[in-house]
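Got your viewer open? Here is a short walk through the model, one selection at a time.

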Amino acid sequence: MRYLIASDIHGALPAAEALMTRFHEEGADRLLLLGDLLYHGPRNPLPEGYAPAEVAKLLNGYADRITAVRGNCDAEVDQMVLDFPVLADYCVLPAGEKLIYATHGHIYNLKNLPPLAEGDILLHGHTHVPAWTEFGQGNVYLNPGSLSIPKENSPHSYMILENGVFYWKDVETGEIYHTRVL
């Protein structure tokens with residue numbers, strides 16, 4: 001199974017279109033979205049090409065291949081326009097002998113850990129900064145960064161997970177800029 005993992009679209013249509021272009025080019029089977037899909041929130045600038053209704057329409061075309069979790073800018077009203085569930089605070093995915101605890105990051109994060117076992121992975125967005133940090137008892141925190149509003153001079157980015165390897169990629173070029181083996 002090849003996952004494309006992304007976070008923090010914030011209603012930016014150009015970012016969503018670039019994401020779906022990469023989804024096809026990567027030959028991904030599933031799209032894992034880590035929240036903040038349609039709205040930009042009061043702390044962020046309005047992203048380029050802000051068009052939440054158009055982003056919803058685009059994502060709905062892939063509803064059968066999307067797993068999503070709720071971000072701090074996502075609300076019940078978003079579920080009314082999206083054809084896939086978006087209100088779960090987390091999902092858990094198997095990765096060989098480990099589990100991936102996927103969430104947005106505003107509730108569960110390094111300061112408020114979910115119930116992780118030794119070696120499990122905490123995967124979240126929210127910070128808009130790509131990350132790959134070890135902690136705890138062989139645990140790892142991973143973050144794909146943001147598609148629309150990257151911070152700390154990071155690229156507009158996403159991740160690929162396939163065969164136990166995470167790849168961080170620039171959405172504009174498709175180039176890998178970091179790799180992490182489970």
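The stops below go from a sheet to a helix pair and then to some aromatic rings.

Before you click: this is a predicted model, where local features need pLDDT of at least 70, side-chain atom pairs count only at pLDDT 80 or more, and totals for chains, interfaces and linings use all residues. Residues are numbered from 1 along each chain as its sequence is written, and side-chain values use heavy atoms, with hydrogens and water left out.

**The sheet**

Start with the open sheet, where five strands line up in the order 4-5-6-8-7 with mixed pairing. Strands here are DSSP runs of E, at least two residues, and helices are runs of H or I, at least four, both numbered from the N terminus; two strands pair if DSSP finds at least two bridges between them. Now colour strand 4 (90-95) and strand 7 (131-135): these are the edges, and each has a single partner strand, so one side of each has no neighbour in the sheet. From one strand to the next, the twist averages 20°.

Next, select strand 5 (residues 98-103) and strand 6 (residues 121-124), which run parallel and are joined by four bridges. Click Thr103 and look across to strand 6 for its bridge partner, His124.

**The helix pair**

Swing over to helix 1 and helix 2, whose axes come within 9 Å and cross at roughly 15° (axes are lines fitted to C-alpha atoms over the stretch in contact, with angles from 0 to 180 degrees between N-to-C directions). Helix 1 and helix 2 are therefore roughly parallel (angles under 35 degrees). For the interface, show Leu13, Ala16, Glu17 and Met20 of helix 1, which meet Glu54, Val55, Leu58 and Leu59 of helix 2 (heavy atoms within 4.5 Å).

**The rings**

Rings of Phe, Tyr and Trp (its six-membered ring) pair if their centres lie within 6.5 Å; planes under 30 degrees apart are stacked, over 60 edge-to-face, and the rest tilted. That rule gives seven aromatic pairs. Pick Phe23 and Tyr62: the ring centres are 5.8 Å apart and the planes sit at 75°, so this pair is edge-to-face. Phe23 lies in helix 1 (residues 13-26) and Tyr62 in the loop between helix 2 (52-60) and strand 3 (66-68), 39 residues apart.

Last stop: Trp132 and Trp168, edge-to-face at 5.0 Å centre to centre and 70° between the planes. Which of the two is buried? Trp168 is, with a relative accessible area of 0%, while Trp132 is partly exposed at 32% (buried is under 20%, exposed over 50%, partly exposed in between, using a 1.4 Å probe and protein chains only). Add Phe166 and Tyr177 to your selection, and you have one aromatic cluster with Trp132 and Trp168.

Terms used. Angles under 35 degrees count as roughly parallel, over 145 as roughly antiparallel, 65 to 115 as roughly perpendicular and the rest as oblique.
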